[in-house]
Amino acid sequence: MGTLHEVATDTEEIETVEPRCASGHSTRAVHGGVRRKKAYNALHTPIVQTATYTFSDTQDLIDFMESKTWGDGHEREEYGRYGNPTVSAVEARLAALDGGEDAVLYSSGMNAVTSILLAVLPAGAHIVMTSDCYRRTRQFCLTFLKRFGIETTVVENGDYDALEAAIIPKKTRFIISESPTNPYLRIADLERIAYLGQQYRVMTLIDSTFATPINQRPIEWGIDFVVHSATKYLSGHNDLLAGVIIGRKDRIKALRDARGVLGGVVDPQNAFLLDRGIKTLGVRVRQQNANALAVARFLEAHPKIQRVWYPGLESHPDHHIAVAQMEGFGGVVSFEVDGDLYRTGKFIDAMRIPYIAPSLGGVESLIEQPALMSYYEKTTEERLALGIKDNLVRFALGIEETDDLLADLEQALATI
Ligand SMILES: *Cc1c(COP(=O)(O)O)cnc(C)c1O
């Protein structure tokens with residue numbers, strides 16, 4: 001019989017075990033990262049729901065202060081803002097999935113984006129960003145960072161000469177891009193962006209949320225940082241918000257230290273749910289890829305659809321880059337209905353399977369009209385200037401049966 005204290009320290013018997021096999025995507029999603037001997041031999045990483053961690057005596061505290069090297073995986077934790085075992089397990093799994101050395105988890109995708117820029121950029125720095133990056137990322141750079149004297153140049157997506165010309169030597173610190181983008185699913189040439197970054201010593205950051213590490217791994221093309229809104233495909237169930245940045249070990253350590261200052265930590269409960277979601281990422285994304293491709297082809301052949309945007313279609317302007325760079329084309333399809341704002345809304349209302357909601361990447365299909373969802377306060381003319389047509393629909397496919405989704409589209413289009 002152990003004393004109460006010995007029972008309580010059972011979870012400290014942590015040893016690191018290499019993942020048994022980590023080659024294919026789904027194998028990495030289930031087994032990737034660092035395996036630790038779990039409390040009570042439980043298979044799952046426990047939810048370590050604590051704000052702080054205790055020291056057995058003063059010498060224990062002094063030993064910790066002398067030896068700590070944060071970000072080392074199986075180091076002990078000190079305080080919840082600096083580390084949590086449930087969170088660390090998810091970080092290791094996400095790093096393995098995206099082919100990076102380490103990862104740092106945040107309370108939301110936007111928190112990941114704002115934290116890295118606040119942590120890294122000096123006053124007077126300059127950012128080059130491609131157009132149709134996530135709306136709030138653009139807003140943060142163009143308005144918030146501008147207040148700190150940090151300027152952002154936005155260049156047309158796909159114009160690499162303009163991107164190169166926008167770089168100001170010694171001043172530009174980041175090239176920020178996204179692939180695929182929202183809502184037109186434009187694909188960035190990652191190798192080209194990575195090359196420009198290396199040539200001009202500018203750090204490169206790709207928001208890879210729409211792709212997932214199953215379909216695209218920017219680090220393999222030489223990109224420095226990958227960011228995901230883990231709210232979307234990674235968690236996959238529309239039930240939590242989280243964000244992650246993946247990159248080189250020393251850089252992620254700096255970001256983790258900065259997270260301890262900025263405070264954007266994810267709750268251990270959410271980290272556990274995210275970990276559970278990631279394990280099925282491979283099967284979910286493959287079904288979503290298949291659904292989206294089938295829906296894109298169906299819509300392209302339909303007389304009541306004017307145009308379909310999907311990188312898996314030959315008609316998409318970036319199809320050739322997508323084929324070279326991606327293993328699947330993702331689960332989002334955008335299209336233009338033959339009609340105005342109201343006829344398009346009538347079609348959406350006739351759809352029975354998808355919910356009307358923003359977001360994407362979960363098991364449930366979601367559908368929305370960007371003109372009403374994200375740009376409601378603008379006029380038709382203002383929206384057009386931003387490239388958002390009134391008849392545009394964004395369909396984020398879930399994991400439902402393909403035939404059911406096609407039949408639903410067929411009946412809904414028959415009503416208009
Ligand atoms: C949703 C999203 C974000 C923001 O993530 P949150 O988790 O909602 O903060 C950033 N980038 C892209 C591409 C997204 O889709």
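Here is a walk through the domains of this chain, the interface between two of them, the ligand site and the salt bridges. Keep in mind as you look around that this is a predicted model.

Let's start with the overall layout. The domain assignment splits the chain into domain 1 (8-108 + 231-279), domain 2 (110-223) and domain 3 (284-413). Notice that domain 1 is made of two stretches of sequence, with domain 2 falling between them in the numbering.

Now turn to domain 1 and domain 3. Their centres, taken over C-alpha atoms, are 35 Å apart. Where the two meet, 11 residues of domain 1 are in contact with 14 residues of domain 3. Together they bury about 960 Å², and carbon and sulfur atoms supply 43% of that area. On the domain 1 side, the residues that lose the most area to domain 3 are K232, Y233 and N238, which together make up 61% of what that side buries.

What holds polar groups opposite one another here can be put in counts. There are 8 residue pairs in polar contact between domain 1 and domain 3, while the number of salt bridges across this interface is 0. If you want to find the domain 1 surface by its secondary structure, look for α2 (25-31) and α11 (268-278), the elements that each give two or more residues to the side touching domain 3. Sorted by class, that side has 7 polar, 3 nonpolar and 1 charged residues.

Next comes the ligand. Around the ligand you will find S108, G109, M110, Y134, E178, D207, T209, F210, S229, T231, K232 and A242. K232 is a residue to pause on: it is one of those surrounding the ligand, and it is also among the domain 1 residues that lose the most area to domain 3.

Which residues place polar atoms by the ligand's oxygen atoms? For T231, a side-chain N or O atom is 2.6 Å from an oxygen atom of the ligand. S229 likewise uses its side chain, with a polar atom 2.8 Å from a ligand oxygen. G109 takes part through its backbone, where a polar atom is 2.8 Å from an oxygen atom of the ligand.

Finally, consider charge pairing. Side chains of opposite charge can pair when their charged atoms come close. The model has 15 salt bridges in total by the rule used. One of them joins E91 and R256, whose closest N and O atoms are 3.1 Å apart. Because E91 sits in helix α4 (residues 85-98) and R256 in helix α10 (residues 249-262), this pair ties together parts that are 165 residues apart in sequence.

Definitions and conventions
Residues numbered from 1 in each chain as written. Predicted model: local features only at pLDDT ≥ 70, side-chain atom pairs only at ≥ 80, totals over all residues. Heavy atoms only, no water. Domains from an automatic or database assignment. Contact = heavy atoms within 4.5 Å. Buried area = accessible area lost by both parts, 1.4 Å probe. Salt bridge = Lys/Arg side-chain N within 4 Å of Asp/Glu carboxyl O. Polar contact = N/O pair within 3.5 Å; in protein donor to acceptor, adjacent residues only side chain to side chain. Helix = DSSP H or I, 4+ residues; strand = E, 2+ residues; numbered from the N terminus. Nonpolar A, V, L, I, M, F, W, Y, C, P; charged D, E, K, R; others polar. Near = heavy atom within 4 Å.
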